[in-house]
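Visitor: Please give me a close look at a single part of this structure, and then lead me on from there in one connected account.

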Amino acid sequence: MPPSLRRLGLLFAVAFTLLTFSTLPASPARAAETLLSQGRSVTVSASEPGYSPASAVDGNAGTRWSSAFTDPQWIQVDLGSAATLSRVSLVWEAAYAKAFQIQVSDDAAHWTTVYGTTAGAGGTQDLTVSGTGRYVRMYGTQRATGYGYSLWEFQVYGTPGTGGGGDALLSYGRTGAASSSQADGQCWECVPARAFDRDPASRWATSPTTGWTDPGWISVDLGAPAQISKVVLQWDPAYAKSFQIQVSADGNTWTPVYSTTAGTGLKQTLTVSGSGRYVRMYGTERATPYGYSLWEFQVYGTGGAPVTPPPLPPDPANPPRLVWSDEFDGPAAGKPDPAKWRADPGTGQNAELQYYTDHQNAATDGAGTSSWRPARRPRPGRAARPTR
């Protein structure tokens, strides 16, 4: 073959190859998956003593659940809300299922099968599934051995539905405990529940007779195991300089997931990672001579047994109109103008809704005055609104 023809053939082959690659459809990317089951509430048909159901969703490859030695047996996980499922991973112990189904449900009563086999091989099984539901279970109908069914891990993957998965408020309305609580004229019934009510005007505080000491703590029972992602602390001026956020499976043995020796008070939003049914703030050093006090102690994450809080009140149809303000930016910047303000020494708790600053205004007049009122009251129907 002449060289010119060989070159022409080579160019044709290269062009054909490039055209072939350019026209092949792209491989579909696997949708992003989220592990939905870890730390969630688990229910089983029965358990062998010493092999807890929660061990199958704890992320620990050295702990497992084991069933009774009969057929059928099952384990189900509550994802907290409906989710779109993509995969179930079963990590079997030697006592595995020869025949089983993966089922989903919205109410844990009516089940739909999304996978089934009568030839289970044990080991690690990654099963591609397609379905939607809040509850997912492995329903074993034939054991491969004379023992029961046993799983090191039962993992459910997919996409959380709206209202589930991510950052749900888990602590609202839950029960709590504390090292002590204040209940007197200065702080009426300042019990743990006040920190979980989403009410900015009620709080928990340690007792002045027994609790203005270190350590001091408050804990919340989330109702079921949970994966914790965030804790919000809204402090009263009696805040913690040093404290830990701790989690526990039983309310007795605690694991720190956050620690500081430089607490700032006010509102602290803490990103944490841990699992447990109980969460507590454990204060080891007070920032003031008083005790510890929280307007709000909010725990966010997945799992637990969340109580849906009531909706917040809507914005008013006719919002207040600003008629006066003071930016504190005159000749004596940062100090109250005596023509506009007068000192208000106050008399302690006087039924006013109060939001505290970081005390940077406590020495603005050289006398430690931290509470001020406008020197002249606005006309009826008008509202004075200091901006600092």
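**One strand and its partners**

Guide: Let's start with one pair of residues: Gln227 stands opposite Ser275 in β15. The model is predicted, with local features requiring pLDDT of at least 70 and side-chain atom pairs counting only at pLDDT 80 or more, while totals for chains, interfaces and linings use all residues. Residues are numbered from 1 along each chain as its sequence is written, and side-chain values use heavy atoms, leaving out hydrogens and water.

The strand to follow is β12, residues 216–235. Strands here are DSSP runs of E with at least two residues, numbered from the N terminus, and two of them pair if DSSP finds at least two bridges between them. β12 and β15 (residues 267–286) run antiparallel, joined by 14 bridges. Strand β16 (residues 293–303) is also antiparallel to β12, with nine bridges, and there Val232 stands opposite Gln298. A third antiparallel partner is β10 (residues 176–178), which pairs with β12 over three bridges; Ala177 has Ser219 as its bridge partner in β12.

Both β12 and β15 are preceded by loops with backbone details to look at. As background, most residues other than glycine have a negative phi, and most peptide bonds are trans. In the loop between β11 (204–205) and β12 sits Pro215, and the peptide bond from Asp214 to Pro215 is cis, with omega near -5°. Leu266 lies in the loop between β14 (255–260) and β15; its phi is positive, near 50°, in a residue other than glycine. Leu266 counts as partly exposed because its relative accessible area is 35%, where buried means under 20%, exposed over 50%, and partly exposed in between (1.4 Å probe, protein chains only).

From β10 we can step along the chain to the disulfide. A disulfide is a pair of cysteine sulfur atoms within 2.5 Å, and a search of the whole structure finds one. It links Cys187 and Cys190, whose sulfur atoms are 1.7 Å apart. The link is left-handed, with -95° about the S-S bond, and both cysteines are buried. In the loop between β10 and β11 you will find Glu189. Glu189 is not a glycine, yet its phi is positive, about 50°. At 33% relative accessibility, Glu189 is partly exposed.

Returning to β16 brings us to a cavity. A cavity is a set of points, on a 1 Å grid over the protein atoms alone, where a 1.4 Å probe fits but cannot get out, and its lining residues have an atom within 4 Å of a point. The points are joined across faces, edges and corners, and the volume is the space filled by probe spheres set on them. By this rule there is one cavity of 30 Å³ or more, and the largest holds about 30 Å³ of space. Its lining consists of Leu169, Ser171, Tyr172, Phe196, Asp197, Arg198, Glu296, Phe297 and Gln298. β16 contributes the most to this lining, with three residues. Gln298 is thus a name we have met before, opposite Val232. The lining divides into four nonpolar, two polar and three charged residues; Ala, Val, Leu, Ile, Met, Phe, Trp, Tyr, Cys and Pro count as nonpolar, Asp, Glu, Lys and Arg as charged, and the others, Gly among them, as polar.

Now let's move to the earlier strands and their core. A nonpolar core is a set of buried Ala, Val, Leu, Ile, Met, Phe, Trp, Tyr and Cys residues joined through side-chain atoms within 4.5 Å. The largest one has 26 residues, and those with the most contacts inside it are Ile75, Leu85, Leu90, Val136, Met138 and Phe154. Two or more residues each come from β2 (41–44), β4 (73–92), β5 (97–105), β7 (124–143) and β8 (150–160). β4 gives the largest share, eight residues.

Gln73 is in β4 and counts as buried because its relative accessible area is 5%. Between Gln73 and Val44 there are 7.7 Å in space, C-alpha to C-alpha, for 29 residues apart in sequence. Pro72 lies in the loop between β3 (65–66) and β4, where a cis peptide bond joins Asp71 and Pro72, omega being about -10°.

β5 takes us to a hairpin: β5 and β6 form it with six residues between them, and Ala108 in the turn has a positive phi of about 65°. Five bridges join β5 to β6 (residues 112–117) in the antiparallel sense, and Val104 stands opposite Thr112 in β6.

Terms used: Helices (H or I, at least four residues) and strands (E, at least two) are DSSP runs, numbered from the N terminus. On a 1 Å grid over the protein atoms alone, a cavity is a set of points where a 1.4 Å probe fits but cannot get out, and a pocket is an open set with protein on both sides within 12 Å along at least five of seven lines; lining residues have an atom within 4 Å of a point.
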